[in-house]
Amino acid sequence: MPVKLKLTYLFLIALLFTSRVHAQQSSFINDINYPYLEKLIATAKKNYPEVKARQSQVNAAKGLYNSTVFSWLDGLTASYIYSPQTSINISQPTIFKGYQLALSLNIGQLFSRPGAIRQAKETYKVAEYQQAEYMLSLEAQVKRFYFAYLEAQAELRLRANAVIDAESAVKQLKYAFQKGETTFQIYNEQLNSLYNQNSFKVQAELSTFTARTNLEELLGTKLEDVK
């Protein structure tokens, strides 16, 4: 193999080694900030509309239960009759004079109250369980979107470094090709590689913005606003 081509291949090998180093530096594990993640979860629980809807359901079920507990009084009806001391009622004579209190009790309604109370209580408990379940689901979803966002950022860094390496290789090979130190095929292959790396970078940028949008949708605010 000619010495000039050997130098070209050595350059490409060095470039490949540099790309692998960049890949090793693109892991997102070290980017995870758990205290910040807890703030994101708390923000989502505070702002996300579905959380407020679940709380309203719990409040409504609690209000229904409380009103049902005291609804047994609905079967009890109180009334009074006033008969003056000096009046004489010939059509309906009575031996009682003054104020007379009367109580009437709806037996059927009274016996139906315990069942209605139990049903209202269970409805209240179901609303609380559904709220708790949704909170766990929301917390897990925030974590997934946060990790996806960090992964997308790491992928973008990797693609950006690959573009830098490809641009450097193109410059070097263009100079070598002009001096006759490499072939057009090798130079053209590197041009195609640069095009591909730029395409991958654009895709990584889109993935990063999509992941960020998904996360901010749950937060109900911008990431910059979460301190």
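## Helices, strands and the overall layout

Helices (H or I, at least four residues) and strands (E, at least two) are DSSP runs, numbered from the N terminus. With that in hand, here's a first spot to find: Arg113 sits in helix 4. What you're looking at is a predicted model, where local features need pLDDT of at least 70 and side-chain atom pairs count only at pLDDT 80 or more, while totals for chains, interfaces and linings use all residues. Residues are numbered from 1 along each chain as its sequence is written, and side-chain values use heavy atoms, with hydrogens and water left out.

The chain's secondary structure adds up to five helices and two strands. Following the sequence along, you meet them in the pattern α-α-α-β-β-α-α. The chain has 227 residues, and 26% of them are buried (buried means under 20% relative accessible area, exposed over 50%, partly exposed in between, with a 1.4 Å probe and protein chains only). Now take the contacts (heavy atoms within 4.5 Å) with a separation of 6 or more: residues 24 or more positions apart account for 77% of them.

## Helix 5

Helix 5 covers residues 184–219, which is 36 residues. From its first C-alpha to its last it reaches 53 Å, close to the 52 Å expected at 1.5 Å a residue (the expected span is 1.5 Å times one less than the number of residues). Just after helix 5 comes Gly220, with a positive phi of about 75 degrees.

## Rings that pair up

How many aromatic pairs does the structure hold? There are five. Rings of Phe, Tyr and Trp (its six-membered ring) pair if their centres lie within 6.5 Å; planes under 30 degrees apart count as stacked, over 60 as edge-to-face and the rest as tilted. Tyr65 and Tyr124 have ring centres 6.3 Å apart and planes at 20 degrees, so this pair is stacked. Tyr65 belongs to helix 3 (residues 49–69) and Tyr124 to helix 4 (residues 107–178), so the pair ties together parts that are 59 residues apart in sequence. Tyr124 is buried, at 16% relative accessible area.

Phe177 and Phe184 make a tilted pair, 5.8 Å centre to centre with 55 degrees between the planes. Phe177 is partly exposed at 32% relative accessible area, and Phe184 is partly exposed at 49%. Elsewhere, ring pairs link Tyr36, Tyr146 and Phe147 into a cluster.

## The nonpolar cores

In soluble globular proteins, nonpolar side chains tend to be buried together. A nonpolar core is a set of buried Ala, Val, Leu, Ile, Met, Phe, Trp, Tyr and Cys residues joined through side-chain atoms within 4.5 Å. Here the largest one has 21 residues, and those with the most contacts inside it are Leu40, Leu138, Val142, Tyr146, Leu215 and Leu219. Helix 2 (34–47), helix 4 and helix 5 are the elements giving two or more residues to this core. Which helix gives the largest share of this core? That's helix 4, with eight residues. Another core, of seven residues, lies apart from it; Ala166, Val170, Ile186 and Tyr187 are among its members.

Zoom in on Tyr146 and you'll find that it touches Asp31, Ile32, Asn33, Tyr36, Leu37, Leu40 and Leu215, not counting residues up to four places away in sequence.

## How the helices pack

Two packed helices are described by the angle between their axes and the distance between the axes. Axes are lines fitted to C-alpha atoms, for helices over the stretch in contact, and angles run from 0 to 180 degrees between N-to-C directions. Angles under 35 degrees count as roughly parallel, over 145 as roughly antiparallel, 65 to 115 as roughly perpendicular and the rest as oblique.

Helix 2 and helix 5 pack at about 55 degrees, with their axes 7 Å apart, and are therefore oblique to each other. Leu40, Thr43, Ala44 and Asn47 of helix 2 make this contact with Leu215, Leu218 and Leu219 of helix 5. Thr43 is buried, at 16% relative accessibility. Leaving out residues up to four places away in sequence, Thr43 touches Leu219, Thr221 and Val226.

The axes of helix 2 and helix 3 come within 5 Å and cross at roughly 55 degrees, which makes helix 2 oblique to helix 3. Here Ala44, Lys45, Lys46 and Asn47 in helix 2 meet Pro49, Val51 and Lys52 in helix 3.

## Two spots on helix 4

Back to Arg113: is this residue buried or exposed? At 19% relative accessibility, Arg113 counts as buried. Arg113 and Thr68 are 45 residues apart in sequence, and their C-alpha atoms are 7.8 Å apart in space.

Lys174 is also found in helix 4, and Lys174 is partly exposed at 42% relative accessible area. Lys174 and Phe184 are ten residues apart in sequence and 9.0 Å apart in space, C-alpha to C-alpha.
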